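User: Please take a close look at the aromatic pairs in this model and at the surroundings of their rings. I would like one connected account.

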Amino acid sequence: AVVSTQSTGEQACNSISSREKLILELEMFEKEAANPQRLFAKGAKSSRLVEEKKRSALHRRIKKCDKQVHNNVAKVQRTLGDTVTYQGRVYFDKMSRDITEMLYWLQQERRQAALENGGMVMIDLPPVSPLDLV
């Protein structure tokens, strides 16, 4: 059997760090996925499929990491009697809301950008011929 040399606290910190990296990766992905220009690029239909597969894979990785974080943080609480916090927030609370909050703030950034551009998001649309509408 392999004996872990990491302390309970180190295990919690490492798993939280791994999770936070995945959340950041998801945030960068969602920022790019929110760009409406991508919908008009060549191969947009297939790229949306690739985009959805990547989103699903990221969510699966986060969910898997969540289990490890939950176990490690619970162990800290159980064995050390400590509450694990991250940037001043109880980590269990943060975990339950952080993806939703991240998506909300990305939406607010897009709204702010739209307001700064005169209330409209300007995108270059490809030319449309009447035959495309049939």
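Analyst: Trp105 is exposed in this predicted model, because its relative accessible area of 54% is over 50%. Its ring partner is Tyr104, and the two ring centres lie 5.0 Å apart with the planes at 80°. That angle is over 60 degrees, so the pair of Tyr104 and Trp105 is edge-to-face. Tyr104 has a relative accessibility of 41% and counts as partly exposed.

A search of the whole structure gives 2 aromatic pairs. Tyr86 and Tyr91 also form an edge-to-face pair, with 5.8 Å from centre to centre and 75° between the planes. Tyr86 is partly exposed at a relative accessible area of 25%, while Tyr91 is buried at 0% relative accessibility.

Tyr91 also belongs to the largest nonpolar core, which has 19 residues. Tyr91 is listed there among the residues with the most contacts inside the core, together with Ile16, Leu26, Ile62, Val69 and Val84. Core membership requires a buried residue, under 20% relative accessible area, and Tyr91 at 0% meets that condition. The elements that contribute two or more residues to this core are α1 (8-33), α2 (44-80) and α3 (91-116). Of these, α1 supplies the largest share, with 7 residues.

Ile16 links the core to the Tyr86 and Tyr91 pair, since Ile16 is in contact with both tyrosines. Leaving aside neighbours within four places in sequence, the other contacts of Ile16 are Val69, Val73 and Val84.

Methods: Residues numbered from 1 in each chain as written. Predicted model: local features only at pLDDT ≥ 70, side-chain atom pairs only at ≥ 80, totals over all residues. Heavy atoms only, no water. Phe/Tyr/Trp six-rings, centres within 6.5 Å; stacked < 30°, edge-to-face > 60°. Buried < 20%, exposed > 50% of the residue type's maximum accessible area, 1.4 Å probe, protein only. Core = buried A, V, L, I, M, F, W, Y, C linked by side-chain atoms within 4.5 Å. Helix = DSSP H or I, 4+ residues; strand = E, 2+ residues; numbered from the N terminus. Contact = heavy atoms within 4.5 Å.
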